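Here is a short briefing for your next look at this model. Please keep the viewer open and follow along.

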Amino acid sequence: MKKSIKVWDLFVRLSHWLIVLLVASAWLSSEFGDAEFKWHSWNGYALFVLVLSRLLWGFFGSTTARYRSFIKAPKSAFVYLQDMRKGKEAEYVGHNPAGGWMALMLWLVLLAQAVTGMFSSDDVIFDGPFSFYVSSATVSSITGIHHFLFNLLILLVMFHVFAVFYHQYVKKEKLIEAMITGNKTLSNANTDLKLEFRPFYFAVLIVAVIGVGFWLVLRSYT
Ligand code: HEM
Ligand code: HEM
């Protein structure tokens, strides 16, 4: 029997779609027009604060947002992928074991992308705020890593979106709607689980503390 239950809290959903928008605008701003890197760098700082906050939410957030509920032994991710190949994978209330690892990889690559950006330079107009603390050879290597990480990010995002579309259109599980409304329609998963939801203002507090902390660091060291 199909049942619709709330699975994603507001912060998980909002941070996801903001991350998507910010990644798109980080790319657009680096490709077109943002000659002084103003937009690109502030955009990167926003991503840094948001991703770091979501990583903390993995400890303090709602049940489905916590690592405990979606980071399983790597073996279970492989078993899940094998079952998926046979078309008989189990349904999950939150992230499936492969999706959980993918989410973690996406956040870590995004974080590394933002941090390397802060040490990067275009050698003409803009130097990242912390690039003055390292040698110019290091800046040029880190800038290379900044480029490489973006390609890696795009590759991961392609796998991610492919997997989401597979569930959405082949398996007819409405994962995209769930990431928008928070409610997921489940047919086989255990829907009697007791899910706890943390209030949104708690997430706002985390974002505010990290945001102000980061801004103070930027102001003091640059
Ligand atoms: C820059 C592009 C993207 C990035 C970096 C990204 C990253 C992520 C991350 C980190 C999660 C885990 C969310 C959490 O637990 O807080 C996630 C989940 C999800 N994303 Fe994306 N995403 C991207 C694009 C998209 C697009 C274009 C779609 C749909 C059209 C999409 C649909 C979803 C869905 C449905 C989930 C939940 C999956 C599940 O039920 O396990 N994402 N994404
Ligand atoms: C997660 C956030 C970020 C993303 C997704 C991102 C993405 C990109 C992309 C796609 C490029 C162009 C690469 C190419 O042309 O192949 C680029 C270049 C660059 N980014 Fe970022 N970036 C981010 C954060 C930052 C931050 C926070 C800063 C600095 C404060 C920064 C500084 C730079 C610089 C200086 C370049 C030019 C490098 C060059 O000319 O070789 N980025 N970034």
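Which residues line the largest cavity? They are Glu 91, Glu 173, Lys 174, Leu 175, Lys 184, Thr 185 and Leu 186. Please bear in mind that this is a predicted model. The points below start with that cavity, then go to the two iron sites, the pockets and the nonpolar core.

**The cavity**
- The structure holds one cavity of 30 Å³ or more, and the volume of the largest cavity is about 40 Å³.
- Strand β2, residues 183–186, gives the most to the lining of this cavity, with three residues.
- By class, the lining of the largest cavity has four charged residues, two nonpolar and one polar.

**The iron atom of ligand 1**
- His 16 and His 160 are the protein donors here, each through NE2, and they lie 2.0 Å from the iron atom of ligand 1.
- The site has six donor atoms with angles of 88 to 179° among them, and it is octahedral.
- His 16 belongs to helix α1 and His 160 to helix α6, so the pair ties together parts of the sequence that are 144 residues apart.
- His 16 is partly exposed, at a relative accessible area of 23%; His 160 also counts as partly exposed, at 26% relative accessibility.

**The iron atom of ligand 2**
- For the iron atom of ligand 2, the protein donors are NE2 of His 40 and NE2 of His 146, at 2.0 to 2.1 Å from it.
- Why is the arrangement around this iron atom octahedral? The six donor atoms subtend angles of 87 to 179°, which makes it so.
- A handy yardstick: ideal angles for six octahedral donors are 90 or 180 degrees.
- His 40 sits in helix α2 and His 146 in helix α6, so this pair links distant parts of the chain, 106 residues apart.
- Both fall under the 20% cut-off for burial: His 40 is buried with a relative accessible area of 17%, and His 146 is buried with 14%.

**The largest pocket**
- The largest pocket offers about 1300 Å³ of space.
- It is lined by 47 residues, and the closest to its centre are Gly 99, Met 102, Leu 106, His 160 and Val 164.
- Helices α1 (10–31), α4 (74–85), α5 (97–118), α6 (136–170) and α7 (175–181) each give two or more residues to this lining.
- The largest share, 11 residues, comes from α6.
- The lining of the largest pocket divides into 35 nonpolar, eight polar and four charged residues.

**The second largest pocket**
- The second largest pocket has a volume of about 640 Å³.
- Among its 27 lining residues, Ser 30, Phe 37, His 40, Gln 113 and His 146 are the closest to its centre.
- At least two lining residues come from each of α1, α2 (38–60), α5 and α6, with α6 supplying the largest share, six residues.
- The lining of the second largest pocket comprises 13 nonpolar, 12 polar and two charged residues.

**The nonpolar core**
- In soluble globular proteins, nonpolar side chains tend to be buried together.
- The largest nonpolar core here has 43 residues, and Ile 19, Val 51 and Trp 107 have the most contacts inside it.
- Elements that give two or more residues to this core are α1, α2, α3 (67–70), α5, α6, α7 and α8 (200–221).
- Helix α5 gives the most to this core, with 10 residues.

Note on methods:
Residues are numbered from 1 along each chain as its sequence is written. Chains are lettered from A and ligands numbered from 1 in the order in which they are written. This is a predicted model: local features need pLDDT of at least 70, side-chain atom pairs count only at pLDDT 80 or more; totals for chains, interfaces and linings use all residues. Side-chain values use heavy atoms; hydrogens and water are left out. On a 1 Å grid over the protein atoms alone, a cavity is a set of points where a 1.4 Å probe fits but cannot get out, and a pocket is an open set with protein on both sides within 12 Å along at least five of seven lines; lining residues have an atom within 4 Å of a point. Grid points are joined across faces, edges and corners, and a volume is the space filled by probe spheres set on the points. Helices (H or I, at least four residues) and strands (E, at least two) are DSSP runs, numbered from the N terminus. Ala, Val, Leu, Ile, Met, Phe, Trp, Tyr, Cys and Pro count as nonpolar, Asp, Glu, Lys and Arg as charged, and the others, Gly among them, as polar. Donors are N, O and S atoms within 2.8 Å of the metal (3.2 Å for Na, K and Ca); water is not among the atoms, so sites may look incomplete. Four donors count as tetrahedral if all angles lie between 85 and 135 degrees; four count as square planar and six as octahedral if opposite donors are over 155 degrees apart and all others between 65 and 115; anything else is irregular. Buried means under 20% relative accessible area, exposed over 50%, partly exposed in between (1.4 Å probe, protein chains only). A nonpolar core is a set of buried Ala, Val, Leu, Ile, Met, Phe, Trp, Tyr and Cys residues joined through side-chain atoms within 4.5 Å.
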